[in-house]
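Colleague: Please take a close look at the cavities inside this model. I would like to know what lines them, with some context on the rest of the chain.

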Amino acid sequence: MNEPVNQPRSAPSPTKTHKSVGPAVVIGSALEWFDFYLYASMAALVFGPIFFPSESSTTSTLAAVATFAVGFLARPLGGIVFGVLGDKIGRKAVLSLTFLLMGISSGLIGLVPSYETIGIAAPILLVALRILQGLGAGAEFGSAIAVSYEHAGSKSRGRLGSLPALGVNIGLLLSSLTVAILTSFSEEFLYTWGWRIPFVASFALVIMGVWVRRQMPETPEFERMAARAKNHKKTTPLRDLFKSDWRGLAIVMVMTIGYNGVSYIFKTFSLSYLTQFRDVAPNVGAFGITLASAVAIIVVPIAGRLSDRFDSRRVILFGAACIAVLAFPFFWLMDTNQPILIWAGLILATGVAVPAILAASGSYMARQFPAEVRASGLGTGREVGGAFAGGLAPLGALALVTMSATNATWGVSVLFILGAVFIGGACMFDQQRKIAMRSGTLDDGAIAVEQAMPENRPVS
């Protein structure tokens, strides 16, 4: 008799599923970012002469890096297509499918013969596999957020929603360590077969990951939605998304543009800035990213728990404020050319502020959509916004510094502040209450979250 009047009858029972859901989500996100950073590093280091031989080493490297961009452009298509499938056939089936696609493509990249062996077929195969890898990766993170959120209870959505972010940083840490180890050997080892080892190792990860994901149950929300759908007309998630939930889509897209823009400038542009404009050894920045990733693995679970205690919006706003505060001091630390101070800047930015936002954004973005279009909304919003910002932000930052006669970085600092504004702005239009009222699931937890924000408290 003490249950809230409007509490859904079949609420999720997270204690029974956490043991299988957690590993399934973390492993997939870790593989996605392990392959992502590994490919980016190998494209910059070895793919040029192996797959795009040229008299100019710069031309070879540019061609190799372009294949990385091709995969990046394929991500939005993967997010949209597999997001719709996630709303139609289930989150579990799509997560298994995208994991296979991503992992097998990565493993096959390590088996592609060189240009010297099979000629033009080598770069063609590389690009084709990179596209397939991008399609799978584009659906992975959004689907993982949906699964984590829908398996969680009202008091653990922040904690479980942070699991994909934990996987991201584990993957980044493992890949940066792998690259550091491989580059410590001779160039002959690296260029012949050394670079292939971590790609081929993806086959073993796929076997383990598929087994883990087979143990994961379908989410309770999708099962209820599928049961209702049997008595209704055929669902059209993408059309419904743009018709009824375009506000949630816009929120996710704006937040991802801000987050990805800031994140990629910190992780990629800052390394180029250190080597090209400050003459700092490449291993200094790379080791700083490794340290930051290790710190992030600790920060992410803390941010997830704080999201449950104070609401994810507050954690996101805190992270956005940290980015704005670091906008100028970050480059002051980079410009010292002192490894310890450089590492401190990278840890504060990519080890604390950015991971805190990513961890809290999982539950926040998921609650912008009803279950019927959640996978579609997350996949479309994150990947379209991410491709736009991730591709343009580092390039824009590099252009701003290059065009300056003194290589000034104040323009990049302004980009950081603009990114923080995007992130904070997306927190001002939370759709949670509207979604709950529309679907008839407004409970005491949703009301408490809404009232917890300062702007929603009654004036005494």
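**Internal cavities and their setting**

Modeller: Leaving aside residues up to four places away in sequence, Thr98 touches Phe82, Gly136, Ala139, Glu140 and Arg213. This is a predicted model, and Thr98 is a convenient place to enter it. The residue belongs to helix 4, which covers residues 91–109. Thr98 counts as buried because its relative accessibility is 0%, under the 20% cut-off.

The wider chain comes next. It holds 22 helices and zero strands. Of its 460 residues, 53% are buried. Taking the contacts between residues at least 6 apart in sequence, 84% join residues at least 24 apart. The exposed area of the chain is about 20100 Å², and 68% of that is supplied by carbon and sulfur atoms.

Now the cavities themselves. Counting those of 30 Å³ or more, there are three cavities.

The largest cavity has a volume of about 190 Å³. Its lining consists of 16 residues, and those nearest the centre are Trp33, Arg75, Asn260, Tyr264 and Arg382. Four helices each supply at least two residues of this lining: helix 1 (18–45), helix 3 (57–89), helix 14 (246–277) and helix 19 (374–403). Helix 14 gives the most, with five residues. By residue class, the lining of the largest cavity splits into eight nonpolar, three polar and five charged residues.

The second largest cavity contains about 70 Å³ of space. It is lined by Met255, Thr256, Tyr259, Asn260, Ile357, Leu358, Ser361, Met365 and Arg382. Two elements give two or more residues to this lining, namely helix 14 and helix 18 (339–366). The lining of the second largest cavity comprises five nonpolar residues, three polar and one charged.

Read side by side, the two linings overlap. Asn260 and Arg382 are among the residues nearest the centre of the largest cavity, and Asn260 and Arg382 also line the second largest cavity. Helix 14 likewise appears in both accounts: it supplies five residues to the lining of the largest cavity, and it is one of the elements giving two or more residues to the lining of the second largest cavity. Helix 19 is named among the helices that supply at least two residues to the lining of the largest cavity, while helix 18 is named for the second largest.

Methods: Residues numbered from 1 in each chain as written. Predicted model: local features only at pLDDT ≥ 70, side-chain atom pairs only at ≥ 80, totals over all residues. Heavy atoms only, no water. Buried < 20%, exposed > 50% of the residue type's maximum accessible area, 1.4 Å probe, protein only. Contact = heavy atoms within 4.5 Å. Areas by Shrake-Rupley, 256 points an atom, 1.4 Å probe, with all protein chains shown as cover. 1 Å grid on protein atoms, 1.4 Å probe; cavity = no way out; pocket = protein on both sides within 12 Å on 5 of 7 lines; lining within 4 Å. Points joined across faces, edges and corners; volume = space filled by probe spheres on them. Nonpolar A, V, L, I, M, F, W, Y, C, P; charged D, E, K, R; others polar.
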